[in-house]
Amino acid sequence: GSGLGIVLTPQHLTEFMCDLAGVNKNSRVVDICCGSGSFLVTAMSKMFRNANPDDVESIRRERLYGVEFDDGLYTLAIANMIIRKDGKSNIYKGDCFNEVITSELKSKNINIGLINPPYSQKDVVELEFVEHLLDILTVCGTGVVVVPMSCAIGTKFKEIRERIMKKHTLNAVFSMPDDIFYPTATNVCVMVWTAHM
């Protein structure tokens, strides 16, 4: 929390990220490591806000996309979407780096990406998920990501950060309270990117 006694929860963070991305009824949203689907659920409720029945149908059918590798989380994401009257959405079971899934997503004209990539993976670092997300988005698409602070500052990820910045634009970095993911004390930040610009 801040000095004002406000406690920022992961749900507040999800809302904040959707607002930063400018999610509205015309958005096409993806989360390539969607976990239980919290970004998609929050984005969907924001998209429904000013939507007429036809818009709602279109949002359900062709405006929300997710990818999840873990069996249990994939099942949970599907369940979360169904509970919120989504039907099944378009959640792919598998590796987000899979070429078939990637080309499928690239064909959908997705303009907003929201991710909280898995931290400390052995084979893929957090910024590689960010890079992959941005590559999937349309030109001028917006990627809003929550990552360890080391992705934004310091030398640990300097090379990959520079590689991403050659193709995409970093617009803002917001530091988050240390305890937002309590009890895991990862110091995180939110990065806002414009794809292919």
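Trainee: Which residue in β5 does Gly-113 stand opposite?

Mentor: Take strand pairing residue by residue. This is a predicted model. In it, Gly-113 stands opposite Gly-143 in β5. That pair belongs to a parallel pairing: β4 and β5 are joined by 4 bridges.

Trainee: What is the hand of the crossover from β4 through α6 to β5?

Mentor: Follow the chain from strand to helix to strand. Here the path leaves β4, passes through α6 and enters β5. This β-α-β crossover is right-handed.

Trainee: In which sense do β5 and β7 pair, and over how many bridges?

Mentor: Compare strand directions, then count bridges. β5 and β7 pair in the antiparallel sense, over 7 bridges. For a landmark, find Val-145, which stands opposite Met-191 in β7. So β5 has a parallel partner in β4 and an antiparallel one in β7.

Trainee: How many residues of β5 are buried?

Mentor: Buried means under 20% relative accessible area. In β5, 7 of the 7 residues are buried, so the strand is largely enclosed by the rest of the structure.

Trainee: Now the helix. Is α6 mostly covered or mostly open?

Mentor: Start with the general idea. An α-helix has 3.6 residues a turn, so residues three or four places apart point the same way. Then check the case. Helix α6 spans residues 126-136, and 9 of its 11 residues are buried, making it mostly covered. Among the buried ones are Phe-129, Val-130, Leu-133 and Ile-136. Glu-126, Glu-131 and His-132 are buried too.

Trainee: What covers the buried residues of α6?

Mentor: Look for elements in contact with them. The cover includes strands β1 (29-31), β4 (112-115), β5 (142-148) and β7 (188-194). It also includes helices α5 (99-106) and α7 (158-167).

Trainee: Let us zoom in on Ile-115. Where is its place, and is it buried or exposed?

Mentor: Locate the residue, then read its accessibility. Ile-115 sits in strand β4. Its relative accessibility is 0%, so Ile-115 counts as buried.

Trainee: Which residues is Ile-115 in contact with, leaving aside neighbours within four places in sequence?

Mentor: Setting those neighbours aside shows what the fold brings together. For Ile-115 the contacts include Phe-129, Val-130 and Leu-133, residues that are among the buried ones of α6. Val-144, Val-145 and Val-146 are in contact with Ile-115 as well. So are Met-17, Asp-31, Ile-32, Cys-33 and Phe-39.

Trainee: What is the volume of the largest pocket?

Mentor: Read a pocket by volume, then centre, then lining. The volume is about 660 Å³. Of its 31 lining residues, the closest to the centre are Cys-33, Gly-35, Glu-68, Asn-116 and Pro-118. Three elements give two or more residues to the lining: α1 (10-21), α2 (38-48) and β2 (64-68). The largest share, 4 residues, comes from α1. By class, the lining has 17 nonpolar, 9 polar and 5 charged residues.

Trainee: Last, the backbone. What is the phi of Asn-109?

Mentor: Scan for positive phi in residues other than glycine. Asn-109 has phi near 50°. It lies in the loop between α5 and β4. At 51% relative accessibility, Asn-109 counts as exposed.

Trainee: And where is Cys-140 found?

Mentor: Cys-140 is in the loop between α6 and β5. Its phi is near 75°, again a positive value in a residue other than glycine. With a relative accessible area of 45%, Cys-140 is partly exposed.

How values were computed: Residues are numbered from 1 along each chain as its sequence is written. This is a predicted model: local features need pLDDT of at least 70, side-chain atom pairs count only at pLDDT 80 or more; totals for chains, interfaces and linings use all residues. Side-chain values use heavy atoms; hydrogens and water are left out. Buried means under 20% relative accessible area, exposed over 50%, partly exposed in between (1.4 Å probe, protein chains only). Contact means heavy atoms within 4.5 Å. On a 1 Å grid over the protein atoms alone, a cavity is a set of points where a 1.4 Å probe fits but cannot get out, and a pocket is an open set with protein on both sides within 12 Å along at least five of seven lines; lining residues have an atom within 4 Å of a point. Grid points are joined across faces, edges and corners, and a volume is the space filled by probe spheres set on the points. Ala, Val, Leu, Ile, Met, Phe, Trp, Tyr, Cys and Pro count as nonpolar, Asp, Glu, Lys and Arg as charged, and the others, Gly among them, as polar. Two strands pair if DSSP finds at least two bridges between them. A crossover is right-handed if, with the strands pointing away from the viewer, the path from the first strand over the helix to the second runs clockwise.
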